[in-house]
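Student: Please take a close look at one part of this model and leave the broad tour aside. I would like the surface of the second chain treated in detail, followed by whatever local geometry and charge pairing can be set beside it.

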Amino acid sequence: MRTKLATRAAAVTIVAAFTLAGCSSGGGSSQNNAAQVDRTLQLAITAPPSNFSIGNWSGGDATLFNSVYEDVLGFGVDGKVEPGIAETWEYNNDRTQLTLHIRKGMKFTDDTPVDAQAVVASLEVARKGASTSQNLSAVTSVKATDGSTVVVALSQPDAALLPSLASTVGAVGATKVLTAESSKLEPVGSGPYVLDKSQTTVGSTYTLVRNDGNWNAKAYPFKKVVVKVIPDATAAQNALRSGQLDVLPAAGTKETVAQFPQSQFTTGENKATAFGALWIVDREGKLVPALKDSRVREAINLAFDRDSIAKNLTGPGSAPTNQVFSPSGQAFSKDFLSKTPFDLDKARKLMAEAGYADGFTVTMPSTPVSTTFESTLTQSLSDIGIKVKWETVPFQDFYPKVFGGNYGMFFMYNGYSGSDAQDVKASLSGIFNPNQNTTPELQKLLAAANSASEADQGAAFRAVNNYLVEQSWNAPLNSTSGYYVASNKVKYTPPVSYGQNVKPYAPADSK
Amino acid sequence: MIIFLLRRIGAGLVLIFVVTAFTFFLTYGANIPVARNLLGNSANAEQIATLNAQLGLDKPIFEQYFRWLTSTLHGDLGTSYFTNQPVAEALAARLPVTLSVVVVASIITILVSCALGVASAARGGIIDSILQGISTIAFVFPGIVLGILLVFIFAIQLQWVPAIGYVPFAESPSAWFLSIIMPAVVLCIGGIAAMAAQVRGSLIDELGREYVRTLRSRGTSERSILLKHALRNAAGPALTTFSLQFIGMFGAALFIEKIFALPGYGTYAFNATIQGDLPAMLGVSLFGVGLVVVVNLLVDIAAGWLNPKARTS
């Protein structure tokens, strides 16, 4: 849940990139071979971290959290799961038991050992944590079989488990202070950095100092990382221009980054971070009977000119999509875009076949997120006879109203989570599926995908994707990536999974 | 005087109680989904319930209110939902930032507006017209535009001052000054114009009074008449204007702190409000109303000191 929530929140509101964490047992290495230098990296976040205690972290950017805690596994810049505290890992045959082999000789910054018992203690807390419990819902037990082996038992295979353990869900903290009140603001982990309290002002500036005792410290070239809380985009851009920041991963639009002189800054497009969709939540037709009919849902999908939306409405840094999976993942398929072409004639024919030749009326919530899309949605849907009534809803009422079954469909962004398994899980839960709709076919496909080996997961989740697109489960419209700006002093590699750690940053003169 | 002060303090405490109670019940009534905001769109009902229980949001409204009231009376303002920092600690950390900007802006306001007001009133003619013109332009010039211009020129182009952030005085007095001088200038620019007009008007009135003619007939120097007698008597209305501006500066600090990314009271209040961070909002309300009460009290005392007639009234 940690990654999903954290990154999702960030990705929806800013710019981010999340994807696949497909991995093979034994994993790779996160070494980037950058030379260690006594330099400071200056970053910005838009909101302060709320809670450093295991199981309770929430917010957009997890860089701070994942820097002070070493996770069971790690996320590479390419989005792949790498070794972390667990040096190697393997599943049993039916993938209901994950065995983690804990790296030997690691210590928390309070000098206590990072061993199997410590991993078990943290995962047990995470299983109950408000932010993390959903991610570990398939876990039935976590046991240490010896000092360096942990066995995680599952009620059913869960392909999202490994990427979860590579995110904030898999954070391991010092056992003594795991649930202590102090851990909310003063975390004790074994990560590559230590939060320097003397140089930290809560809510404003957080200073990380490299933990040279970390097993992978050589992969972190910056001795100090200063993370400033700057909610205002213009202030952040000014800070970058004046040298008070080194990188803005979410600098904004193409026009915004073009204002930074190329002689001093490097700019570029990020990986896809989020997607906007018309979420069709009343699939049982309780409020809007027409939405129960798959022909109506297909007609809705055919009514949108996604290319035009990406080109004329959302602009550079966005792309048409009809899928809930990230374009950076393996489940996404460009070929699937042709399954829902812009075809008003076919859409009208489907509406007529479903008995709605004269259309119907639907009420949708107008929120700050939907305003840009409202005229396009109204026009496109009216082309096939669907009249939209927009109801202005304060954001605080939005969630209760969606969960209360007040809307048949609504527009909202959702962030990509870091893996195909997490992407589909997120899109089938929470406000995106308030009635927890499913079908036997979907359950079967999901079970097969979750049980598949790493090598087969891409194809298995693509089958899930195919089903969701063909059934017009929702109507995704565009994916968005946004642009970054980096000072020429820093080399920035846009990561597949945004806001996870400081691995995307390196001194410009490093190899 | 003591009874007067006690009465004002008592009224202030009642005001603080009423405003914080209103803040609590209005915020509660707004039904802000705090747990959902913290956990995100994909969180399930069980997670939301767990977090609501952790935060005490599952308790009846009056129980929540009286719990806050009791702990506040014991000096504990609670803990922010969103930063987990004790509210009192957060306000104590952020107040020096805002106060630094507001106090420096106030000093600039007083010095510059008095100089402009006195020069306009005393010299008159073309100087008065020019200074009034400058005041008018300063009054209507949007502070946000000035802020952006100053940042562009002094922070980005010349790099004399930082574009964002705050350096504590204890860490480096010079860096502290550089970090707040631009926000202070932006904050005071409108106030200078208003207060200079007030000083000018009051001073012209005073200079036309009989006691001034008497002083002149006794051979008292114009400088002494202007600065020692007339300005002191003209200071009363200007002080009232200044007290309103001082409180207004705390409100304006919100956008100043956003432009310059200062971790002050304004940004804390803004974030608390948009997030529905009830303990932080109540702390901000408590402090805000307390500030108004204290400033008004100090202005009353200062007015009495400046003009003995005000003490009896």
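Tutor: What follows goes from the overall build of chain B to its nonpolar patch, and then to single residues and salt bridges.

The model is a predicted one. Chain B contains 13 helices and zero strands, so its elements, read from the N terminus, run α-α-α-α-α-α-α-α-α-α-α-α-α. Along the principal axes, the C-alpha atoms of chain B occupy a box of roughly 85 × 55 × 35 Å. Chain B has 313 residues, and 45% of them count as buried. Among contacts in chain B with a separation of 6 or more, 72% join residues 24 or more positions apart.

The accessible surface of chain B is about 15,500 Å². Carbon and sulfur atoms account for 70% of that surface. As for charge, chain B carries 18 positive and 14 negative side chains. The centres of these two sets lie 14 Å apart.

Now the patch itself. A nonpolar surface patch of about 1,100 Å² is formed by B:I137, B:F141, B:I144, B:V145, B:I148, B:L149, B:F152, B:I153, B:L158, B:W160, B:L254 and B:F255. Two elements of chain B, α7 (143-157) and α10 (222-259), give two or more residues each to the nonpolar patch. Of the contributors, α7(B) gives the most, namely six residues. B:I137 belongs to helix α6 (residues 125-140) of chain B. Its relative accessible area is 56%. B:I137 counts as exposed because that value is over the 50% cut-off.

A second exposed position in chain B is B:G29, with 59% relative accessibility. B:G29 sits in helix α1 (residues 2-30) of chain B. Measuring from C-alpha to C-alpha, B:G29 and B:F62 are 12 Å apart in space, with their positions 33 residues apart in sequence.

Chain A offers two backbone cases to set beside this. In general, most residues other than glycine have a negative phi. A:Q436 departs from that sign, with a phi near 50 degrees. A:Q436 is placed in the loop between α12 (420-427) and α13 (440-451) of chain A. At 65% relative accessibility, A:Q436 is exposed. A:S472 also has a positive phi, of about 50 degrees, and is not a glycine. A:S472 is located in the loop between α14 (454-470) and β20 (475-480) of chain A. Its surroundings are another matter: A:S472 is buried, at 1% relative accessibility. A positive phi is thus found here in an exposed loop residue, A:Q436, and in a buried one, A:S472.

The charge pairing comes last. Over all chains, the count comes to 19 salt bridges. One of them joins A:E87 and A:R103, whose closest N and O atoms are 3.6 Å apart. This pair links distant parts of the chain: A:E87 is in strand β5 (residues 86-91) of chain A, and A:R103 is in the loop between β6 (97-102) and α3 (116-128) of chain A, 16 residues apart. A:E87 is partly exposed, at 39% relative accessibility, whereas A:R103 is buried, with a relative accessible area of 10%.

Another salt bridge brings together the side chains of A:K339 and A:E470, at 2.9 Å from N to O. A:K339 lies in the loop between β16 (318-320) and α9 (344-353) of chain A and A:E470 in helix α14 of chain A, so the bridge ties together parts that are 131 residues apart in sequence. Both ends are partly exposed: A:K339 has a relative accessible area of 30%, and A:E470 stands at 47%.

Back in chain B, the side chains of B:E206 and B:R209 meet in a salt bridge of 3.3 Å, N to O. B:E206 is buried, at 10% relative accessibility, while B:R209 is partly exposed, at 44%. B:E206 counts as buried because its value is under 20%.

Technical notes: Residues numbered from 1 in each chain as written. Chains lettered and ligands numbered in written order. Predicted model: local features only at pLDDT ≥ 70, side-chain atom pairs only at ≥ 80, totals over all residues. Heavy atoms only, no water. Helix = DSSP H or I, 4+ residues; strand = E, 2+ residues; numbered from the N terminus. Buried < 20%, exposed > 50% of the residue type's maximum accessible area, 1.4 Å probe, protein only. Contact = heavy atoms within 4.5 Å. Areas by Shrake-Rupley, 256 points an atom, 1.4 Å probe, with all protein chains shown as cover. Lys, Arg positive; Asp, Glu negative; His and termini not counted. Charge placed at Lys NZ, Arg CZ, Asp CG, Glu CD. Patch = residues over 30% accessible without salt bridge, like charges linked within 9 Å, V, L, I, M, F, W, Y side chains within 5 Å. Salt bridge = Lys/Arg side-chain N within 4 Å of Asp/Glu carboxyl O.
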